[in-house]
Amino acid sequence: MLATASANPPAASALVSLRQAQLVLQHQPVLTDISLDIHPGERVALVGSNGSGKSTLLRLIHGLEPVASGQRHLGPGVRLSMLFQRPHVLHASVWANVAVALWLNGTPWRQCRAQARTLLARVGLAERADVPARALSGGQQQRLALARALACGPHVLLLDEPTASLDPHAKREVEALMADVGQTLPLVFASHNLGQVKRLATRVLYLEHGRVLADLPVEVFFQRDHLARHHPAAHQFVQGETA
């Protein structure tokens, strides 16, 4: 975490803040002048074309990528978990995959099996707890990854295209879980599915070439006239995605 002076300090209630943050990879700027706050109760969707910087911004928020300049700030004691589009699962049982995350987060091992099963019940995998994790379908593996992310006790959950590679039924299952988790836990998720964004998000960030060009409440983002007048690039993107 890089602490530098900022004319626009993080909001007191923010769980995560970026101020004029820049990310450079292989000597090339990938994200430029990113400023945002994530607050309790928010469900923030990141939208934009492929290569716009959505996944990279999630990694920057999480801390997986270093801030080259600017500021990244976490509120006191704030923990983040991230769910990837194609999660890695261990060569172990379903419950053990979750138990390891609990153990690494400080839970005594003797308590991990029971807590893992509780989390698996939350994501609809209680009956699959003892099978090898790699025998699960893609949608089931994503639900397992969600249980594992929740095992870390996050204050903000980051999700990178969590339903992009799933069949329609599995997409609906994972989206329903996102809606459920989002009732109590702030979400920041990248998505190409504008219908999903409408259903889940309270706020939308539109990215293009590593910059945030629009940051709007979801109901405003989908007002075509407003976008056309004030955010033409975002309007063109929405038009293209819904054509």
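In this predicted model, Cys 152 is partly exposed, with a relative accessible area of 27%. Cys 112, by contrast, counts as buried, at 0% relative accessibility. The count of disulfides comes to zero. For Cys 112, the nearest cysteine sulfur is that of Cys 152, 11 Å away, whereas a disulfide requires the two sulfur atoms to lie within 2.5 Å. Cys 152 is likewise in no disulfide, and the sulfur of Cys 112 is the nearest to its own.

Cys 152 also contributes to the largest pocket, where it is one of the residues nearest the centre, together with Met 82, Ala 101, Arg 148 and Ala 149. The lining comprises 18 residues, and the volume of the pocket is about 340 Å³. Strand 5 (80–83), helix 2 (94–104) and helix 4 (138–151) each supply at least two residues of this lining.

Eight salt bridges were counted. In one of them, the side chains of Arg 203 and Glu 42 meet at 2.9 Å, N to O. Arg 203 belongs to strand 8 (residues 203–208) and Glu 42 to the loop between strand 2 and strand 3 (43–47), so that the pair links parts of the chain 161 residues apart. Arg 203 counts as buried at 10% relative accessibility, and Glu 42 is buried with a relative accessible area of 15%. Both residues are linked with Asp 215 in a network of salt bridges.

Two further salt bridges involve helix 3 (residues 109–122). Arg 117 pairs with Asp 130, the closest N and O atoms being 2.7 Å apart. Because Arg 117 lies in helix 3 and Asp 130 in the loop between helix 3 and helix 4, this pair ties together parts that are 13 residues apart in sequence. Arg 117 is partly exposed at 30% relative accessibility, while Asp 130 is exposed at 52%. Arg 122 of helix 3 meets Asp 180 of helix 5 (residues 168–181), 58 residues apart along the chain, with an N to O distance of 3.7 Å. Asp 180 and Arg 122 are partly exposed, with relative accessible areas of 39% and 38%, respectively.

Helix 3 also contains Trp 109, which counts as partly exposed at 43% relative accessibility. Trp 109 forms a nonpolar surface patch of about 390 Å² with Trp 103 and Leu 104.

Gln 26 lies in the loop between strand 1 (16–25) and strand 2 (28–38) and is exposed, with a relative accessible area of 77%. Its C-alpha atom is separated by 39 Å from that of Val 123, a residue 97 positions away along the chain.

Terms used:
Residues numbered from 1 in each chain as written. Predicted model: local features only at pLDDT ≥ 70, side-chain atom pairs only at ≥ 80, totals over all residues. Heavy atoms only, no water. Patch = residues over 30% accessible without salt bridge, like charges linked within 9 Å, V, L, I, M, F, W, Y side chains within 5 Å. Areas by Shrake-Rupley, 256 points an atom, 1.4 Å probe, with all protein chains shown as cover. Salt bridge = Lys/Arg side-chain N within 4 Å of Asp/Glu carboxyl O. Helix = DSSP H or I, 4+ residues; strand = E, 2+ residues; numbered from the N terminus. Buried < 20%, exposed > 50% of the residue type's maximum accessible area, 1.4 Å probe, protein only. 1 Å grid on protein atoms, 1.4 Å probe; cavity = no way out; pocket = protein on both sides within 12 Å on 5 of 7 lines; lining within 4 Å. Points joined across faces, edges and corners; volume = space filled by probe spheres on them.
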